[in-house]
Amino acid sequence: MILYALTILVSAFLLFQVQPMIAKIILPWFGGSAAVWTTCMLFFQLALLLGYLYAHALIRFARPRVQMIVHIALLAVSALALPIYPRLAWKPVGTEEPTRAILVLLAVTVGLPYFLLSTTGPLLQAWYARTRHDAMPYRLYALSNAGSMFALLSYPVLFEPVFTTHQQTWIWSGAYIAFILLCGLTAIASGRMVVPQPTREASFEVSGGKSFAPSAAPTRRTYVLWLALPACASVLLLAITNHLSQNVAAIPFLWVLPLSIYLLTFILCFEGSGWYHRTAYLMLLAVALGSMTVALGADAGGEVKIFVMVPLFALGLYTCCMVCHGELARLKPDPRYLTHFYLMISAGGATGGLLVGLVAPHVFKALYEMQLGLMVCALVVLIALRIDSEKNWPQQLLRPALMTLAFVAMGTAGYVVYVYRFRLTEALRKPLSVISRKLVDSDNYEDYVTIAILALVTIALVLLFRGGRPRRRWAALGAEFVALVIAAELGHQVGSITSGYRVSVRNFYGALRVRDSGTPQEFDATRTLTHGTINHGEQFLNPARRLLPTTYYGPNTGVGVAIREKQKTGAIRVGVIGLGTGTIASYGRLGDYYRFYEINPLVLKLATSEFTFLPECKAKHDVAMGDARLSMERESPENFDVLAVDAFSSDSIPVHLLTREAMAVYFRHLRPDGILAVHISNRYLDLQPVLLTETKAMGAAARLVDTFDDETTGVFGATWVLIATKADDFDQAEFEASSELTSKRNVRLWTDDYSNLFRILK
């Protein structure tokens, strides 16, 4: 037992330690995008599924001695992949499809070791169950999850801050050699052990108090739930992680926190001590789904603070996963079907990964997989309750087919109500004014009418599907009503995300939307580009104002001041990291040269087809596609007079563009008297101390330019930091409105091997 437990513990630790490690290493290679982690998770889940398939096939079709020989041979071959640090030759050049490139890179670098680590849990548990008929292997599964949990929690605390990424990969590779030895010994012991014959008909107990005889085969419905429940948990895990990373930063902590919660629920539900109490958690699930639904609506307008958003979604994820995994634990089979069970769990996890990591970016036009995930979670849980219930009231729920139809209908109703909300509210304004003039004149009139319509449609739909007779099924009716109202609101949110936009597109790097506020004949009408929840540039539609620099790039902003000062010397060269709408090109004059660096091909497409800053730029200009830092590392010095860094998506920051090594690359491309302009406006992070530390380390000078909104010119309040090699570069009159860069926080110098966002949270 000790050998089995130790091997499973080590394998689980290595399995999850490598995930944030390898993702952090390749993150800068793909622009620091939040989707890097989602794609990595897709790879890990697919590899896990292949590992479980291998374990299932090996146990079912091979004799014990053959199992031992095959597995030991693969373990020996996997050692050839060490050390696991990716070769620099795998760095992208800017034209690759990033999802495919990441999957291939991971397959070559960690594919075989990760595959074999993923086989350890189900394979060793099956060996253990085969050689000890009276022993239950599910506690080994909980032990495996505990090892995984320790790996995840220890990485951002013990490993990431202390060791460089190269050191981390060498330590991991050494530990993997130890795992090969342990697993080999376990395989030999299992292959040689004489299998005892059972002396009695064994049975076992699962959480919830149910006992199953070994001969009881799982039904088709059970197999479906084995797939659907973990798939729901996986979708929510990745969708919530993606949501947090998109709006804060793609960093290991925001990867590890949701994944740790996900694993914790597995441990609690499969440990066997009755942590999952169905009635209590079902009530908490209703609260969690409702809270996250409300938070998603509020966060679309940037109204949720980070100290509220992270705990709220973390607790919501915990509750949803606890219910999904708790219901899954209630369906545990006889050990004879152990590999079937684990195979379906891994298939469910991989299905969730495919939906969020592959299908959503290439099929959906906006980020709404989280809304769909919450809706499907409520649906699957209600279906699971009806199929496997100890109490009477869940048996009174609608049949699965009718329940699914009801959810689709209410989600669609919510979407349609949003799309036609103006027509509906105007049509109801006159009759409602007879009832309450105060309601009609209220600023929230549209919201009140929408809520009332959706509530009435929900009640009507429930009564319709029940034939108009509730028959005192109040508990079932209440559960259905709450779930369907949430589904309607989520559909309403999908409508708000996808309708009313001139253009709505999405790819690996995020979701982009273009919206007009009026017509070209209107003086203040604008066309706006939104990335995630943040305005990434806008242009006046009126021809007379079309080329005015707007938003964060007005004449008095940091970048505007720097460019206008350098223009006094004659023709200039300007570099811009992050294209956006191309607003900075509006400063271009004949004889100037502007070079933009952009990683997202959709941004370039929109900047040239929907906005005219770039096409109408008077200066010579070009766009280098690919990660800006990788592109600049390959280029000869460009001798820029001004280099602007503004490559943030939503409020997420690509950390690799703010490290000491990045600064060295920037100043290699600047003239000796050139100015580096860094845009640091952010809802959640205070980047001033980071740049102050960078500046001191370089012996350079820095000034802060903080401006306010000017609605008359379409300029937003913005914070820029200007950095130059000498302090007297800022003696000119243009810089009089700037101030010295200071900070009350002391932060450690950010490098490619170290960064810490906790210290700079607002």
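The exercises below, each with a worked solution, concern a predicted model of one protein chain.

**Exercise 1. Overall form**

Determine how the radius of gyration of the protein chain relates to that of a compact globule with 762 residues.

*Solution.* Begin with the expected value: for 762 residues, a compact globule would have a radius of gyration near 27 Å. Next, take the value of the protein chain, which is 29 Å, and so the two agree. The dimensions add detail, as the C-alpha trace spans about 95 × 75 × 40 Å along its principal axes. Burial can then be considered: 58% of the 762 residues count as buried. Finally, turn to the contacts with a separation of 6 or more, of which 76% are accounted for by residues 24 or more positions apart. The secondary structure of the protein chain consists of 22 helices and 14 strands.

**Exercise 2. An aromatic pair between two helices**

Classify the aromatic pair of Trp226 and Phe341, and state which parts of the sequence the pair ties together.

*Solution.* A pair of aromatic rings is described by the distance of the centres and the angle of the planes. For Trp226 and Phe341, the centres are 5.1 Å apart and the angle between the planes is 70°. Because planes over 60 degrees apart count as edge-to-face, the pair is edge-to-face. Then locate the residues: Trp226 belongs to helix H7 (residues 220-247) and Phe341 to helix H11 (residues 338-363), so the pair ties together parts that are 115 residues apart in sequence. Both Trp226 and Phe341 are buried. As a last step, widen the view: Trp226 and Phe341 form one aromatic cluster with Tyr52, Tyr223 and Tyr342.

**Exercise 3. An aromatic pair within one helix**

Describe the pair of Tyr262 and Phe266, and state where the two residues lie.

*Solution.* The ring centres of Tyr262 and Phe266 are 5.6 Å apart, with 85° between the planes, and the pair is edge-to-face. Both residues lie in helix H8 (residues 252-270), where four residues, about one turn of the helix, separate them. Tyr262 and Phe266 are both buried. In total, the structure holds 22 aromatic pairs.

**Exercise 4. The nonpolar cores**

Identify the residues that touch the most other members of the largest nonpolar core.

*Solution.* The largest nonpolar core has 189 residues, and those that touch the most other members are Ile26, Phe407, Tyr666 and Leu676. Take Ile26 as the example: leaving aside residues up to four places away in sequence, Ile26 touches Val36, Cys40, Pro86, Ile102, Leu105 and Leu106. A second, separate core contains 40 residues, including Val514, Ile534, Ala585 and Ala677.

**Exercise 5. Backbone exceptions**

Find what sets the backbone at Pro83, Thr551 and Asn639 apart from the general pattern.

*Solution.* Start from the rule: most residues other than glycine have a negative phi, and most peptide bonds are trans. The bond that joins Leu82 and Pro83 is cis, with omega about -10°. Pro83 is placed in the loop between helix H3 (64-78) and helix H4 (98-131). Thr551 has a positive phi, near 50°, and is found in the loop between strand E6 (534-540) and helix H18 (558-567). Asn639 also has a positive phi, about 55°, and its loop runs between helix H20 (628-634) and strand E10 (640-645). In a last step, check accessibility: Thr551 is buried, with a relative accessible area of 0%, whereas Asn639 is partly exposed, at 40%.

Terms used
Residues are numbered from 1 along each chain as its sequence is written. This is a predicted model: local features need pLDDT of at least 70, side-chain atom pairs count only at pLDDT 80 or more; totals for chains, interfaces and linings use all residues. Side-chain values use heavy atoms; hydrogens and water are left out. Rings of Phe, Tyr and Trp (its six-membered ring) pair if their centres lie within 6.5 Å; planes under 30 degrees apart count as stacked, over 60 as edge-to-face and the rest as tilted. Buried means under 20% relative accessible area, exposed over 50%, partly exposed in between (1.4 Å probe, protein chains only). The radius of gyration is taken over C-alpha atoms; the globule rule is 2.2 Å times the number of residues to the power 0.38. Contact means heavy atoms within 4.5 Å. A nonpolar core is a set of buried Ala, Val, Leu, Ile, Met, Phe, Trp, Tyr and Cys residues joined through side-chain atoms within 4.5 Å.
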